[in-house]
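User: I'm new to reading protein models and would like a close look at one part of this one. Could you take me through it slowly, in plain words?

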Amino acid sequence: MAAPVQSRVDSAAPTAQKLTIGKALNMGLRAAMEADDKVVILGEDVGKLGGVFRITDGLQKDFGEQRVLDTPLAESGIIGTAVGLAVRGFRPVCEIQFEGFIFPGFDQISSQLAKLHYRTQGKIKVPVVVRVPFGGGIGAVEHHSESPESLFAHIPGLKVVSCSNPTDAYWMIQQAIACDDPVLFFEPKRLYHNGQLKSEVDTSQPAGPLFASRVVRQGTDCTLVAYGPSVKVCLDAAAAAADEGRSLEVIDLRTISPLDLGPVFESVRRTGRLVAVSEASAESSVTSEIAARVQQECFYSLEAPVLRATGFDTPYPPSKLEEHFLPDLDRVLHTVDRAMGW
């Protein structure tokens, strides 16, 4: 069981601050390091530079080079070192600079990180967090805009989560660090510094448990389910649909493995329709699992097949074409139209 995250907020300090996702993650990491001396951060350029997205900015200066380590360009070495540190009682937080760079470390993640607790019959815990900036929309080159989360969700022994807003960013990273199981923490990098998402974050208490999905907008006509960067797209689509008299419910999945589909089932039994949205390719994906489970559990409540608005089953395109690849507001609403037309 994961230890509950305890707040160490000074009673004289403000408990609500307006933050971006990037700043919320930085503050969450800082809070975790202040709460537990065994929390260490390691990765490429996470120290003096503060990470390429500045998520670890200022942490090496305040906590020292022994707790915020700049590593060589070697993802397998980063993950392997983290496994060793965890065995010795530390709580390592690895940063993978871009999601496309994670694959040299895939063997360590799947063969060691995911298996060690089971292999030792529970004698060894591996409380490692692997932070993964993921998704497109930043105009980057190859290997910088991918969505590989379903690969890791398929590996028993790993937890996989994704935040979509500043409050979840602040609290979920702390809850992931406190978890005794290895957690892949997928962060929507194009939303790190998005001013539109800047919002008040209550730093006095967690908003809810880590492995739980959440209804973020109520509706009656059709359910949209998404995670990470696609949640904002769905909320924008729901707002646009409301102008036309259509009521869409939006659920932020938050946890990809384990899936928490209870709120999705409840919603679909009311709306009768579901559209699953993700930047990842459709085939053998998280949205595939959602569609299968919903049609299994809610078959007699469905007024239409479960439909999906996703990235295409192709490699991620050059940046000039990415706006055509990513599911946007129009594609989501078109898919909703198809669901409503049955």
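In which sense do strand β6 and β12 pair, and over how many bridges? Please start there and work outwards.

Analyst: Before we dig in, keep in mind that this is a predicted model. Now to your strands. β6, which covers residues 159–162, pairs with β12 in the antiparallel sense, and two bridges hold that pairing. If you want a spot to click on, try valine 160, whose bridge partner in β12 is serine 257.

Let's zoom out to the sheet. The pair you asked about sits at one end of an open sheet of seven strands, ordered β3-β2-β4-β5-β7-β6-β12, with mixed pairing. Its edge strands are β3 (68–70) and β12 (255–257), and each of them pairs on one side only. Ignoring direction, neighbouring strands in this sheet are turned by 20° against each other on average.

Next, step from β6 to its other partner, β7. These two run parallel, joined by four bridges. One pair to look for is serine 162 with phenylalanine 186, its bridge partner in β7. On the other side of β7 you'll find β5, also running parallel to β7, this time with six bridges. Here arginine 131 has phenylalanine 185 of β7 as its bridge partner.

So how covered is β7? Six of its six residues are buried. Val183, Phe185 and Glu187 point one way, while Leu184, Phe186 and Pro188 point the other way, and all are buried. That puts buried side chains on both faces of the strand.

What lies over this sheet? One thing is helix α1 (residues 21–35), which lies across β2 (39–43), β3, β4 (91–95), β5 (129–134) and β7 (183–188), and runs at about 135° to β2. Glycine 22 belongs to α1. Glycine 22 counts as buried because its relative accessible area is 4%, and the cut-off for buried is under 20%. Once you leave aside neighbours within four places in sequence, glycine 22 is in contact with Ile55, Tyr192 and His193. Glutamine 196 comes 174 residues away from glycine 22 along the chain, yet their C-alpha atoms are separated by 13 Å.

Back to the β12 end for some backbone oddities. As background, most peptide bonds are trans, and most residues other than glycine have a negative phi. Serine 257, the bridge partner of valine 160, is joined to proline 258 by a cis peptide bond, with omega at about 5°. Proline 258 is in the loop between β12 and α9 (262–271).

On the other side of β12 in sequence is the loop between β11 and β12, where arginine 254 is found. Arginine 254 isn't a glycine, but its phi is positive, at about 65°. With a relative accessibility of 1%, arginine 254 counts as buried.

There's another positive phi, of about 75°, at histidine 143, which is not a glycine either. You'll find histidine 143 in the loop between β5 and α6 (149–153). Histidine 143 has a relative accessibility of 39%, so it counts as partly exposed.

That β11–β12 loop also points us to a second sheet. This one is open too, with five strands in the order β9-β11-β10-β13-β14 and mixed pairing. β9 (214–217) and β14 stand at its edges with a single partner strand each, so one side of each has no neighbour in the sheet. From one strand to the next, the twist averages 25°. β9 and β11 pair in the antiparallel sense over three bridges, and the bridge partner of arginine 214 in β11 is aspartate 252.

Helix α12 lies across β10, β11, β13 and β14 of this second sheet, at about 160° to β14. α12 has twelve residues (329–340) and reaches 16 Å from its first C-alpha to its last, close to the 16 Å expected. Buried in α12 are Arg331, Val332, Leu333, Thr335, Val336 and Ala339. Their cover includes β10 (222–226), α8 (230–243), β11 (248–252), β13 (274–281), β14 (307–311) and α11 (322–325).

To retrace your starting point: β6 has an antiparallel pairing with β12 and a parallel one with β7.

Definitions and conventions: Residues numbered from 1 in each chain as written. Predicted model: local features only at pLDDT ≥ 70, side-chain atom pairs only at ≥ 80, totals over all residues. Heavy atoms only, no water. Pairing = 2+ DSSP bridges. Axes fitted to C-alpha atoms, helices over the stretch in contact; angles between N-to-C directions. Contact = heavy atoms within 4.5 Å. Expected span 1.5 Å × (residues − 1). Buried < 20%, exposed > 50% of the residue type's maximum accessible area, 1.4 Å probe, protein only.
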